[in-house]
Every structure is written in structure tokens, then in C-alpha cells.
Amino acid sequence: MSILLEISENVQKGAMKAVKELVNKAVADGVSPNEILNDGLIAGMNIIGEKFKTNEVYVPEVLVAARAMNAGVQIIKPLLTDENAQAKGKVCIGTVQGDMHDIGKNLVKMMMEGKGLEVVDLGTDVAPEAFVQAAVENGCRVICCSALLTTTMDVMEKVVEAAKKAGVREQVKIMVGGAPVTEEFRLAIGADCYAADAASAADAAVMLCECE
Ligand code: B1M
């Protein structure tokens, strides 16, 4: 069995100790951190996601899998971060109001930091006005909104409206993402950018910060 498959299987089992050992071994064997992240850690989490959908596993199993995945992410985090990167700009990020999912949001944050961006993390369950207030107070160029629920993704439109109401819509760019979000949705709500995964979100945020 390949080491990436082993990592995925141990994430699914929530076997944190084994995940740590396997990730350390994969790094020592020269497997790229991006492969470890995407084809090992996230792959395992995605399988748990499918099982959660079909009621083959329940909340506790999902949480131990997430904990095991995060333990692996912590090991590769320094390898995905360019310590010498110059500050390329400032963004704020959060999961929208009513939504507690933060695993994807944390990965996006990590990738953005890896690209040299300063990231203000607003956490989960963030109200539209709180995104805008944080962007203004911290001088953020981009507001990054994550949503994992079809019932919370509409809050993203309220973030766009809140930015207009505060009179800062021209100064900040709004990026949206998360499993149910699409480019069509982004267009419909008038946000500036949609990214499908953490790496593209980081690239897009750098671009948005660079074009003043
Ligand atoms: Co929840 N959950 N959950 N859950 N959960 C989903 C999202 C669900 C699809 C499961 C299912 O039924 N198949 C479903 C949503 C259905 C829907 O809306 N249509 C669901 C549900 C229903 C719920 C509850 C309502 C369950 C309940 O209580 N009955 C409840 C809601 C709580 C709330 O938020 N108010 C709930 C609770 C939970 C847990 C607490 C158990 C846990 C969250 C733990 C945590 O985050 N700290 C959890 C989890 C883990 C999941 C699944 C299994 C996995 C999500 C995840 O972390 N994926 C998920 C099923 C699934 O997605 N297959 C599910 C891994 C992560 C790396 O991917 O977050 O997609 P993701 O992020 C990606 C991209 O989307 C993108 O980059 C990331 C990396 O590439 N991305 C962005 C994310 N944000 C971005 C922002 C960007 C750009 C890209 O720009 C700003």
C-alpha cells in the first residue's frame, strides 16, 4: 500500500498517532508536502465526508478524523510556508454566520500565509458586518468568506451588501469559496473572485492584493 493511501486510511480511522508517524515518514522519504496534503490528508477527510453523508459514520468519527488530519497538517505546515516571503498584502478570512466548519478555511489560511500574505482570522460564525469591520480596521485588501452549508452560503451576498452599505465596496475585494460555492454563485451575488481549493485561493488572493 502506498504511504499516501496509508495516511488517508488512518485519517479515516482518526488514528492521530499513526497519521503523525506516516506524515513524518513521507516527508523523510521525499514525498512532496502538496501530495501529502491533497492525496493523503484531504483525500481521507473527503472519504469520511461521503460516509457522513450516507450515515455510515457520525459526528464523533468526523471529529476524530478532522483531529488526525490537522495533526498531519501541522507537520507539513512549515514546508508549505515560505519563511522568506515578503509581505504581499493583508486579507481577512472567516466562515460565514451560522456555519461552524473551519477545516477548509484553516487550510486556505495556511496556504495564504505560505504565499506571504498577512491573514486576519475571524474564526467561524462571522456576521457580514464583522467581515467588513475587520477589513476596514485592519486595512485588508481582500475579505475571504468560506461556507460549507447550502443554508449559509447566502450570507456571502450579505457580506457584499454590507461592504456597499459601509461605503467600502470599491476598496475591498470579496473572495468566496467552500464546497457548495461555484463560479455561477459568485457571479450571481456580485463577489469578485471564487476559488475551488486552498492553493488557488492563495494564488488569487496574492493577485488581488497586487492589483491596487
Ligand atoms: Co458538516 N456538513 N455539518 N460537519 N461536514 C458537510 C459540509 C456536509 C456536506 C455533509 C454531508 O451531509 N454530506 C453537510 C452539508 C450539506 C449541505 O449543506 N447541503 C453537513 C452538515 C449537514 C452538517 C450539520 C448540519 C450536521 C448536523 O448537525 N446535522 C452540522 C452543521 C454545523 C454548523 O456549521 N452549523 C455539521 C457539523 C459538522 C462537524 C462539526 C461534525 C464537522 C466540522 C468540524 C470543523 O470544521 N471544525 C463537519 C464536517 C467535518 C463535515 C464534512 C464531513 C467535511 C468538511 C471538511 O472539513 N472537508 C462535510 C462533508 C464533505 O465536505 N464531504 C460536511 C475537508 C476540507 C479540507 O474541505 O471544507 O470543502 P472543504 O475546503 C476546501 C474547499 O472547499 C476550499 O478549500 C478547501 C481545501 O481545498 N475552500 C475554499 C474552503 N473554503 C474556502 C474559501 C475560499 C476558497 C476556497 O475563499 C475564501
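A pocket is an open set of grid points, on a 1 Å grid over the protein atoms alone, with protein on both sides within 12 Å along at least five of seven lines. The model used in these exercises is predicted.

**Exercise 1.** Locate the ligand and describe its surroundings.

Solution.
Step 1. Start with the space: the ligand takes up the largest pocket.
Step 2. List the elements around the ligand. The helices α3 (33–53), α4 (59–80), α5 (103–114) and α9 (198–210), together with the strands β3 and β4, each supply at least two residues of the shell.
Step 3. Pick out the nearest residues. The ligand has 31 residues around it, of which M100, H101, D102, S146 and T150 come nearest.

**Exercise 2.** Find polar contacts of the ligand with D102, S146 and T150, using a cut-off of 3.5 Å between N or O atoms.

Solution.
Step 1. Take the side chain of D102: one of its N or O atoms is 2.7 Å from a nitrogen atom of the ligand.
Step 2. For S146, an N or O atom of the side chain is 2.8 Å from a ligand nitrogen atom.
Step 3. At T150 the partner is a polar backbone atom, 2.9 Å from an oxygen atom of the ligand.

**Exercise 3.** Work out the strand order of the sheet and place helices α6 and α7 on it.

Solution.
Step 1. The open sheet has 5 strands, ordered β2-β1-β3-β4-β5, with parallel pairing.
Step 2. Identify the edges: β2 (117–121) and β5 (193–194) each pair on one side only.
Step 3. Add α6 (residues 128–138), which packs on the sheet and touches β1 (89–95), β2 and β3 (142–146). The direction of α6 makes about 160° with that of β1.
Step 4. Add α7 (residues 155–165), which packs on the sheet against β3 and β4, its direction making about 175° with that of β4.
Step 5. Check the β5 edge. Strand β4 (residues 173–177) is joined to β5 by 2 bridges, and the two run parallel. M175 has C193 in β5 as its bridge partner.

**Exercise 4.** Place N55 and D125 and state the phi of each.

Solution.
Step 1. N55 lies in the loop between α3 and α4. Its phi is positive, about 60°, although N55 is not a glycine.
Step 2. D125 lies in the loop between β2 and α6. D125 is not a glycine, yet its phi is positive, at about 55°.

Conventions
Residues numbered from 1 in each chain as written. Predicted model: local features only at pLDDT ≥ 70, side-chain atom pairs only at ≥ 80, totals over all residues. Heavy atoms only, no water. Pairing = 2+ DSSP bridges. Helix = DSSP H or I, 4+ residues; strand = E, 2+ residues; numbered from the N terminus. Contact = heavy atoms within 4.5 Å. Axes fitted to C-alpha atoms, helices over the stretch in contact; angles between N-to-C directions. Near = heavy atom within 4 Å. Polar contact = N/O pair within 3.5 Å; in protein donor to acceptor, adjacent residues only side chain to side chain. 1 Å grid on protein atoms, 1.4 Å probe; cavity = no way out; pocket = protein on both sides within 12 Å on 5 of 7 lines; lining within 4 Å. Sits in = over half its atoms within 2 Å of the grid points.
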